[in-house]
Amino acid sequence: MKQLSTVTKPRGVDRVKQADQFIQCFHNKESEELIKKWNIQLEPKCLQIQSSKIKPGNIMMGNNTSINIETGNLDRDTQTAMLRGVGLENWGILYSDRDSRQAEDFMNCLRESIEYCKFQCKAPRTFVLHSNRIEDWIKQIDLIVQQSQGPQKVTLLLLILNGPKKNAPLYTDIKRYLINDCPIASQVILSSTLNQPKGKVKTICNKLLVQICAKVGGTPWGVSELPFTDQPTMICGMDVYHSTGKAKKSMLSFVSTEDEFFSKYMTQSIEMETGVEFSFSLCPVLVKSLQSFCGDRNGPLPSRIIIFRDGVSNSQAKTVIETEVAQFRQAIEQVKTEKNSDKPIKLIVLSVNKKVGAKFYAGERNLDNPPQGTLIDTEISNGKDDYYLISQRTTQGTVQPTHYHVLVNDLFDEPNILKKLQALSYKLCYMYYNFSGAIKIPAPIQYAHVCSNFIGDRFDPRKPQSLIKPNPILNQRRSLFFI
């Protein structure tokens with residue numbers, strides 16, 4: 001496999017050499033005549049361009065702890081008090097009697113992690129089930145709820161299940177029940193995952209606490225110097241799930257932030273026809289997001305709405321503007337009328353494309369992947385409304401950039417607006433709470449992607465009861481229930 005990866009994942013210097021050799025193949029009499037006939041121009045060498053680097057800032061943790069992103073070890077350094085915790089008051093751990101040994105060892109490790117990470121937490125109640133029937137697990141959950149005087153009194157249920165990853169027999173049914181019928185944040189871990197040395201289980205527990213914090217409405221960490229925090233701003237992400245299965249349907253998920261750290265989200269999903277990429281139901285979706293942003297206390301409307309839209313090619317940009325953007329503007333006007341507000345709300349919509357053919361290499365002779373935060377916004381972009389950004393770290397092969405295209409910009413006259421959008425795009429890549437580093441796309445899009453896949457994978461249109469719906473109660477808790 002290692003020898004195979006040298007071919008499938010060549011280094012930058014090797015890929016550039018291959019490209020140069022390919023270009024030379026066109027420099028013969030027959031090829032040059034054909035190229036001239038078709039009015040095609042080929043540079044003799046790979047294009048050399050200038051780039052810049054965006055500073056990521058610091059990761060902000062609890063107790064005023066600040067971690068330098070460029071010099072710190074984020075995996076290790078983020079294992080500390082979280083930025084905004086939500087204490088686990090009434091929570092439980094459920095597991096099968098056949099997993100008793102793994103469960104006891106796991107709970108010991110979890111207890112150590114809770115103490116090490118200074119996680120606000122009371123001791124959990126434990127429940128051992130002597131059955132693998134879904135009916136018995138649901139019956140036990142109902143009993144816990146009754147004893148706690150309702151699902152809203154239970155903060156979280158942590159379940160240890162049997163089975164392979166992503167295909168545990170009880171996983172889908174329990175998750176659906178705990179979202180649709182009995183809205184309680186839940187965290188699942190497989191018993192097979194716990195059959196590892198204590199050191200690895202301890203690492204798993206530390207990462208588990210981050211997910212738990214996000215699922216119960218907390219903020220594991222933030223990023224310093226975020227742009228657009230000077231005024232109320234709502235950041236949105238949207239993505240569409242498509243399945244090749246005949247009985248499957250497409251599923252659109254839309255997430256929107258509700259806090260100054262851009263870390264707490266309201267989640268919505270829309271069922272669509274198979275293969276459809278554009279929705280005509282976005283007006284009520286954005287209306288609900290804006291109403292939720294204002295909250296029960298009737299807070300202010302956002303001054304800006306920034307929407308990151310995934311899965312749209314440059315050729316589809318016109319369709320997005322004509323169909324989706326018109327609905328966004330309609331929603332804004334509708335909510336302003338409802339709130340009797342004449343306050344302007346500026347809209348920015350960015351298309352984010354991670355499937356691009358462009359490849360970039362840094363250096364003079366020993367070409368390598370560009371560093372994280374590399375920005376290309378000259379020569380191959382128009383410099384006004386599109387740019388390439390490399391946010392993730394790649395240790396093998398050639399890093400693939402992400403292409404951003406600003407489709408709508410009501411703040412075009414604001415100084416350095418494109419630079420602010422570029423910085424925001426990069427910093428949001430560090431805000432995905434399933435990974436301690438930067439991912440390839442901004443967190444709002446990744447959350448929408450994970451949510452649409454989580455729902456779409458488990459929905460069978462022939463069985464309407466199989467649909468998982470983002471629950472209003474979980475949304476009130478700002479729970480990232482799907483991660």
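How do the residues of the lining of the second largest pocket divide into nonpolar, polar and charged? The legends below take up this question and then turn to a cavity.

**View 1. The second largest pocket and its volume.** This is a predicted model, in which local features need pLDDT of at least 70 and side-chain atom pairs count only at pLDDT 80 or more, while totals for chains, interfaces and linings use all residues. Residues are numbered from 1 along each chain as its sequence is written, and side-chain values use heavy atoms, with hydrogens and water left out. The second largest pocket (on a 1 Å grid over the protein atoms alone, an open set of points with protein on both sides within 12 Å along at least five of seven lines) holds about 970 Å³ of space, a volume being the space filled by probe spheres set on points joined across faces, edges and corners.

**View 2. The lining of the second largest pocket.** Of the 28 lining residues, each with an atom within 4 Å of a point, Cys-46, Leu-47, Gln-48, Ile-49 and Tyr-361 lie nearest the centre. The lining divides into 14 nonpolar, seven polar and seven charged residues, where Ala, Val, Leu, Ile, Met, Phe, Trp, Tyr, Cys and Pro count as nonpolar, Asp, Glu, Lys and Arg as charged, and the others, Gly among them, as polar. Its largest share, four residues, comes from α2, helices being DSSP runs (H or I) of at least four residues and strands (E) of at least two, numbered from the N terminus.

**View 3. The largest cavity.** The largest cavity, a set of points where a 1.4 Å probe fits but cannot get out, has a volume of about 30 Å³. Its lining includes Lys-175, Ser-186 and Phe-481, and α7 (171-181) gives the largest share, three residues.
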